[in-house]
Amino acid sequence: MSRVAWFWRRWIAPARQDEWIARLEAAGCATWTLTERPNRVQHLLAVYDAKRGPVEALRGLFGGRVGLIRQSRWLRAKPAPPTRIGKTLEILHHLPRRPLAANQLVIPHGLAFGSGEHATTFMLLRALAREPVRGRVLDLGTGSGILALVARRLGARKIVATDFDPAAVRTARENEALNFSTSRIRWHCADVKQLSGKVRYDRVLANLFSGILVEAARRISACVTPGGQLWVSGILRAQQDEVIAAYRARGLKLIRATRRGKWVMLQFRW
Ligand SMILES: C[S@@+](CC[C@H](N)C(=O)[O-])C[C@H]1O[C@@H](n2cnc3c(N)ncnc32)[C@H](O)[C@@H]1O
């Protein structure tokens with residue numbers, strides 16, 4: 001016999017997330033899920049219960065929709081487990097009930113790439129946790145902002161992050177607000193192919209496709225300060241030689257190549 005669960009759902013504005021969670025808590029809800037959906041600005045807030053009564057009470061209080069689902073879908077609707085990066089960092093994918101710990105960040109699965117689990121991001125995060133940077137960081141193709149946010153959590157002094165997708169920049173900015181009470185990262189909507197290279201950084205992070213990394217090699221290299229490092233990811237094994245050659249031609253030295261499945265991360269130094 002298949003078991004079922006009742007749900008209450010409502011679309012909410014991301015900026016009012018804290019307010020909604022406080023309302024649900026005041027209404028006695030022990031658990032809830034918050035999901036972002038592609039092509040939707042609003043987030044889907046949901047509460048699941050084995051009985052109909054509690055979710056009907058929520059509809060009475062807050063509007064929204066009530067329905068019935070099978071247990072298999074109910075299990076999938078539970079919040080994703082945290083992503084652990086080495087021993088030091090934990091990326092949560094839904095807001096915890098308690099304030100974030102010093103080693104935690106919350107990055108909801110959402111509109112922009114970068115929740116931490118993908119091999120290309122994971123390799124950069126693990127390297128950052130091992131070798132945090134205190135100085136200036138540039139994050140190219142920031143997506144959800146995850147690398148910039150982790151750099152901030154690990155003590156980077158000045159961080160600039162860019163993406164050519166305005167929705168990604170918006171999401172990344174919102175993610176900074178979810179994690180920090182002040183805004184310190186400078187988020188820009190910009191194409192790496194137009195980087196001026198006038199400002200130099202101690203650590204440049206770029207999780208982009210190989211084609212872009214090769215095409216923009218001159219501009220990206222120009223952003224790395226002497227003695228600084230460039231860490232690039234998003235490279236398929238078959239394409240790594242081309243990327244290495246493009247950056248060696250600019251004078252950078254390859255110091256480490258890390259593989260995970262079909263993906264490679266390359267670390268260069270000036
Ligand atoms: C693979 S995601 C990486 C996201 C995040 N930094 C991470 O490591 O998970 C690549 C990001 O680069 C952005 N991007 C792709 N081409 C770009 C370009 N030419 N200029 C700026 N951003 C670009 C995409 O919009 C996307 O958000």
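In the predicted model, the centres of domain 1 and domain 2, taken over C-alpha atoms, are separated by 36 Å. The domain assignment places domain 1 at residues 4-74 and domain 2 at residues 112-269.

The ligand occupies the largest pocket. Its shell consists of 17 residues, of which eight are nonpolar, six polar and three charged. Thr121, Gly141, Asp163, Asp191 and Asn207 are the closest residues to the ligand.

Polar contacts to the ligand involve both side-chain and backbone atoms of the protein, including those of Thr121, Gly141 and Asp191. In the side chain of Thr121, an N or O atom lies 2.6 Å from an oxygen atom of the ligand. Nitrogen atoms of the ligand take part in the contacts with Gly141 and Asp191. For Gly141, a polar backbone atom is 2.8 Å from a ligand nitrogen, whereas for Asp191 a polar side-chain atom is found at 2.9 Å from a ligand nitrogen. On its own, the ligand has 600 Å² of accessible area, and the protein covers 89% of this area.

Conventions. Residues numbered from 1 in each chain as written. Predicted model: local features only at pLDDT ≥ 70, side-chain atom pairs only at ≥ 80, totals over all residues. Heavy atoms only, no water. Domains from an automatic or database assignment. Near = heavy atom within 4 Å. Polar contact = N/O pair within 3.5 Å; in protein donor to acceptor, adjacent residues only side chain to side chain. Areas by Shrake-Rupley, 256 points an atom, 1.4 Å probe, with all protein chains shown as cover. 1 Å grid on protein atoms, 1.4 Å probe; cavity = no way out; pocket = protein on both sides within 12 Å on 5 of 7 lines; lining within 4 Å. Sits in = over half its atoms within 2 Å of the grid points. Nonpolar A, V, L, I, M, F, W, Y, C, P; charged D, E, K, R; others polar.
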